[in-house]
Amino acid sequence: MRPRIGITSWLRDDSDRLERWAAVRETYVGAIRTAGGLPMILPIADDDSGVITDCLAAVDGLVFTGGGDVAPAYYGQSPDERCHEPDRQRDLFEINLARAALARRTAVLGICRGLQVLNVAAGGTLYQDIGCRPGTSLLHAARGEDRRKLIHAVRVLPGTRLHAIMGVAESLVTSTHHQFVKDLAPGFRVTAESVEDGIVEGLEQPDRPFLVAVQWHPERMYQDHPEHLALFQALIASAEQTRG
Ligand code: MN
């Protein structure tokens, strides 16, 4: 059986606002399928009375997807006016899921918000907006059609797992975030940084089977850029090795 890879979903209003969708972008599904995994979309669960344990038992690996801002209360800050309104159900579920996954040996790939969720769940903090750190470039927050464009370069640090996976020292990437890592969670290390302004673009926990996260969107790039497909392939290879 292919390794089962859980994908975190979000709730989205229908265009007429009469119904909501439990949604993920198809790019995540396509990337996991192309890399050889079985994509499984996880529902947001209101409580953690066994649901999170069940989710972890049902999958061999996890992708924490992109999305909106994590509530600053999770990292000990009051909301800045530039912080977007959080989705409290999603935050609660994903933070609990991340902590449970960290406590096990579940293989985890975090993407954009997913990187931020993992850092916060493990005790790190975020900058609530690009404007909170002097010298940071607006290039990180592409919108609309630019979401798929490669708009800034990242340096992939030698000696990291990320470098071993991607096999490149530098890569041009997509970028649609306005928040980013401030303090790294204990036990995490930086694996990539933006060339232009040096912000954290990747992190990992070296003493785990697989906890890798990137601030860009490899799921928008995997079809044309094998080094970004390699992130999903590495997740799936680790999920296959560590499954019970
Ligand atoms: Mn960026």
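**Figure 1. The manganese site and its protein donors.** Donors are N, O and S atoms within 2.8 Å of the metal, and because water is not among the atoms, sites may look incomplete. In this predicted model, the donor residues of the manganese ion follow the sequence spacing H-x11-H-x22-S-x1-H-x23-E. The pair formed by His-177 and Glu-201 ties together parts that are 24 residues apart in sequence, since His-177 belongs to the loop between strand S9 (170-173) and strand S10 (180-181), whereas Glu-201 belongs to strand S12 (residues 200-204). The protein donor atoms are ND1 of His-140, NE2 of His-152, OG of Ser-175, NE2 of His-177 and OE of Glu-201. These donors lie 2.2 to 2.5 Å from the manganese ion. Both His-177 and Glu-201 are buried.

**Figure 2. A surface patch of positive charge.** Five arginine residues, Arg-12, Arg-25, Arg-143, Arg-147 and Arg-148, gather on the surface to form this patch. Of these residues, Arg-148 is placed in the loop that runs between strand S7 (126-127) and strand S8 (152-156).

**Figure 3. The salt bridge between Asp-13 and Arg-17.** The side chains of Asp-13 and Arg-17 meet with a distance of 2.9 Å from N to O. Asp-13 has a relative accessible area of 31% and is therefore partly exposed. Arg-17, by contrast, counts as exposed, because its relative accessibility is 64%. Arg-17 is found in the loop between strand S2 (10-13) and strand S3 (20-23). The backbone of Arg-17 has a positive phi of about 60°, although the residue is not a glycine.

**Figure 4. Further salt bridges of the model.** The count of salt bridges comes to 12. One of the pairs is formed by Asp-80 and Arg-82, with their closest N and O atoms 2.9 Å apart. Asp-80 has a relative accessibility of 25% and so counts as partly exposed. Arg-82 is likewise partly exposed, at 35% relative accessibility. In another pair, the side chains of Arg-33 and Glu-26 meet at 3.7 Å, N to O. A network of salt bridges links Arg-4, Asp-60, Glu-240 and Arg-243.

**Figure 5. Helix H4 and the residues at its two ends.** Helix H4 spans residues 113-121 and is mostly covered, with 9 of its 9 residues buried. Among the buried residues of H4 are the charged residue Arg-113 and the residues Gly-114, Leu-115, Gln-116, Val-117, Leu-118, Asn-119, Val-120 and Ala-121. Cys-112 is placed in the loop between strand S6 (107-111) and H4. Cys-112 is a residue other than glycine, yet its phi is positive, near 55°. With a relative accessible area of 5%, Cys-112 is buried. H4 is followed by Gly-123, which also has a positive phi, near 105°.

**Figure 6. Ala-45 and Phe-93, a pair of residues from separate parts of the sequence.** Ala-45 and Phe-93 are 48 residues apart along the chain, while their C-alpha atoms are separated by 6.1 Å. Ala-45 is situated in the loop between strand S4 (38-42) and helix H2 (51-58). The relative accessible area of Ala-45 is 14%, and this residue is therefore buried.

**Figure 7. Ala-237 of helix H6 and its separation from Pro-3.** Helix H6 comprises residues 226-242 and contains Ala-237. Ala-237 counts as partly exposed, at 37% relative accessibility. Along the chain, Ala-237 and Pro-3 are 234 residues apart, and the distance between their C-alpha atoms is 8.1 Å.

**Figure 8. Glu-196 in the loop before strand S12.** The loop that holds Glu-196 connects strand S11 (189-194) with S12. Glu-196 has a relative accessible area of 55% and is therefore exposed. The C-alpha atom of Glu-196 is separated by 24 Å from that of Ala-185, and the two residues are 11 positions apart along the chain. S12 is also the strand in which the manganese donor Glu-201 of Figure 1 is placed.

Notes:
Residues are numbered from 1 along each chain as its sequence is written. This is a predicted model: local features need pLDDT of at least 70, side-chain atom pairs count only at pLDDT 80 or more; totals for chains, interfaces and linings use all residues. Side-chain values use heavy atoms; hydrogens and water are left out. Patches are made of residues with over 30% relative accessible area and no salt bridge: like charges are joined within 9 Å, nonpolar side chains (Val, Leu, Ile, Met, Phe, Trp, Tyr) within 5 Å. Accessible areas come from the Shrake-Rupley method with a 1.4 Å probe; for residues, only the protein chains shown count as cover. A salt bridge is a side-chain nitrogen of Lys or Arg within 4 Å of a carboxyl oxygen of Asp or Glu. The place of a charge is taken as NZ of Lys, CZ of Arg, CG of Asp or CD of Glu. Helices (H or I, at least four residues) and strands (E, at least two) are DSSP runs, numbered from the N terminus. Donors are N, O and S atoms within 2.8 Å of the metal (3.2 Å for Na, K and Ca); water is not among the atoms, so sites may look incomplete. Buried means under 20% relative accessible area, exposed over 50%, partly exposed in between (1.4 Å probe, protein chains only).
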